[in-house]
Amino acid sequence: MPKTIPLMAMDFAETATPNSQPNTDSSPSADWQQQLARAITEPRQLLEQLDLAADTFGDFSAASRQFSIKLPHAYLRKIRPGDARDPLLLQIMAQSAESHEVPGFKQDPVGDLPASRAPGLLHKYPGRVLLITTGACAVHCRYCFRRHFPYAQEQAGRDQWQSALDYIRTEPSIEEVILSGGDPLVLSDERLATLIDQLQAIPHIRRLRLHSRLPVVLPDRITDRLVEILASSRFDTALVIHANHANEIAADEIRVLRKLQAAGILLLNQAVLLKGINHQPEQQQALSKALFSAGVLPYYLHLLDPVQGAAHFDVSLQQANELMDQLRASLPGFLVPRLVREIEGEQSKTPANEL
Ligand SMILES: *Cc1c(COP(=O)(O)O)cnc(C)c1O
Ligand code: SF4
């Protein structure tokens with residue numbers, strides 16, 4: 001097992017890219033980069049801002065040392081002050097429960113390392129590859145299956161995309177490239193434009209997909225320039241956002257998602273099924289409806305990957321299946337997500353009814 005590199009280290013490297021705008025730049029893109037640089041990383045500061053007592057989440061120091069907290073102020077504004085059970089707060093706040101060792105919860109639960117074909121390139125499923133463009137994220141989600149991922153070794157960052165691109169070039173079966181991470185939208189517009197240009201030069205690629213949580217974590221990231229970059233490529237383009245709760249989708253998020261939709265980009269959502277956050281039918285119904293109001297269709301609802309430190313979010317398969325029955329009985333089919341699990345060595349995500 002390679003040594004775990006804390007994500008914080010990668011965050012630092014990312015903010016230090018030569019492409020970062022100087023603080024004097026008043027362009028909208030400098031604005032989101034400044035917001036990102038000012039993200040909250042101190043649990044005590046977060047609790048203070050939310051009028052919560054310092055001991056609300058027990059002794060979180062070991063958990064936050066292992067995987068720092070991180071959220072931009074745009075996400076903080078959607079958290080209800082004084083509510084320790086707020087569904088957004090629970091996704092990002094370090095808790096003492098993360099330090100409990102639970103059998104079956106591992107460091108690399110989805111077998112990413114064996115699927116690596118070049119630095120930062122995962123080829124698990126036929127026809128599509130996933131490119132880890134950066135290890136950095138705008139938010140640190142406590143349940144994240146990549147929380148122990150050795151990004152320093154595996155990311156295709158800086159100008160190391162070359163060997164990933166070489167692999168894609170020699171594999172004509174690859175029709176789709178998925179930009180992932182970390183979060184690909186923490187890259188500057190110009191770095192993304194360069195990467196997308198390089199991909200456009202590979203004739204057998206037809207589809208571009210981005211997996212990003214930024215539209216609901218830092219909506220100002222969706223600059224007009226970004227929309228233009230995505231809309232002007234020759235690819236059929238999909239953006240898979242990641243929202244777990246309806247409260248994540250407020251006016252600013254709806255505005256930027258509608259802008260992307262108007263530019264012809266297919267918008268889908270993937271969520272993770274999380275106890276205490278979205279395991280009740282009412283919560284899932286509200287999420288699906290909020291997504292559709294923003295032009296987004298539910299795609300996957302992932303059963304939690306058994307990653308060390310996230311066991312307190314786990315929902316049993318039986319409970320998850322009952323939830324899906326309730327959703328099918330109450331929502332139009334196109335608002336019901338597909339309940340899946342990622343199993344190492346399989347050719348696709350595995351539907352829950354085959355587990
Ligand atoms: C989830 C995943 C994909 C995408 O799977 P779809 O079913 O097409 O959404 C592709 N590559 C890797 C490595 C993945 O983990
Ligand atoms: S779930 Fe996505 S956005 Fe959240 S920490 Fe993991 S990779 Fe980053």
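The backbone oxygen of Cys 137 lies 2.9 Å from a polar side-chain atom of Lys 70, a polar contact in the sense of a pair of N or O atoms within 3.5 Å, where, within protein, one atom must be able to donate a hydrogen and the other to accept it, and residues adjacent in sequence count only if both atoms are side-chain atoms. The model is predicted, so local features need pLDDT of at least 70 and side-chain atom pairs count only at pLDDT 80 or more, while totals for chains, interfaces and linings use all residues. Residues are numbered from 1 along each chain as its sequence is written, chains are lettered from A and ligands numbered from 1 in the order in which they are written, and side-chain values use heavy atoms, with hydrogens and water left out.

Lys 70 belongs to the loop between α4 (61-66) and α5 (73-76). Helices (H or I, at least four residues) and strands (E, at least two) are DSSP runs, numbered from the N terminus. With a relative accessible area of 8%, Lys 70 is buried; buried means under 20% relative accessible area, exposed over 50%, and partly exposed in between, for a 1.4 Å probe and protein chains only.

Cys 137, the partner of Lys 70 in that contact, is also one of the residues around ligand 2, together with Val 139, Cys 141, Cys 144, Gly 182, Arg 213 and His 242. A residue is counted here if one of its heavy atoms lies within 4 Å of the ligand. This shell divides into four nonpolar residues, two polar and one charged. In this scheme Ala, Val, Leu, Ile, Met, Phe, Trp, Tyr, Cys and Pro count as nonpolar, Asp, Glu, Lys and Arg as charged, and the others, Gly among them, as polar. Ligand 2 sits in the largest pocket. A pocket is an open set of points on a 1 Å grid over the protein atoms alone, where a 1.4 Å probe fits and protein lies on both sides within 12 Å along at least five of seven lines; a molecule sits in it if more than half of its atoms lie within 2 Å of its grid points. Gly 182, from the same shell, is placed in the loop between β4 and α9 (189-200). The peptide bond from Gly 181 to Gly 182 is cis, with omega near 15°.

The strands form an open sheet of 10, in the order β1-β2-β3-β4-β5-β6-β7-β8-β9-β10, with mixed pairing. Its edge strands, each paired on one side only, are β1 (116-118) and β10 (350-351). Two strands pair if DSSP finds at least two bridges between them.

Both senses of pairing can be followed at β3. Strand β2 (residues 121-125) pairs with β3 in the antiparallel sense over three bridges, and Tyr 125 stands opposite Arg 128 in β3. The hairpin of these strands has two residues between them, and Gly 127 takes a positive phi near 85° there. On the other hand, β3 (residues 128-132) and β4 (residues 176-180) pair in the parallel sense over five bridges, with Ile 178 of β4 as the bridge partner of Leu 130. Four of the five residues of β3 are buried, so this strand is largely enclosed by the rest of the structure.

Further along the sheet, β7 (residues 266-272) and β8 pair in the parallel sense over five bridges, and His 302 in β8 is the bridge partner of Val 272. Strand β8 (residues 297-302) is largely enclosed by the rest of the structure, because five of its six residues are buried.

The surroundings of ligand 1 include Tyr 125, Arg 128, Leu 130 and Ile 178, as well as Tyr 299, Tyr 300 and Glu 342. A polar side-chain atom of Tyr 299 lies 2.7 Å from an oxygen atom of ligand 1, and for Tyr 300 the corresponding distance is 2.6 Å. A side-chain N or O atom of Glu 342 is 3.2 Å from an oxygen atom of ligand 1.

Some loop residues complete the picture. Asp 51, in the loop between α3 (43-49) and α4, has a positive phi near 55° although the residue is not glycine, and at 62% relative accessibility Asp 51 counts as exposed. Pro 81 is found in the loop between α5 and α6 (89-92) and is exposed, with a relative accessible area of 55%. Ser 330, in the loop between α14 (317-328) and β9 (338-341), counts as partly exposed at 38%. A polar atom of the Ser 330 side chain lies 2.8 Å from the backbone oxygen of Gln 326.

Notes: 1 Å grid on protein atoms, 1.4 Å probe; cavity = no way out; pocket = protein on both sides within 12 Å on 5 of 7 lines; lining within 4 Å.
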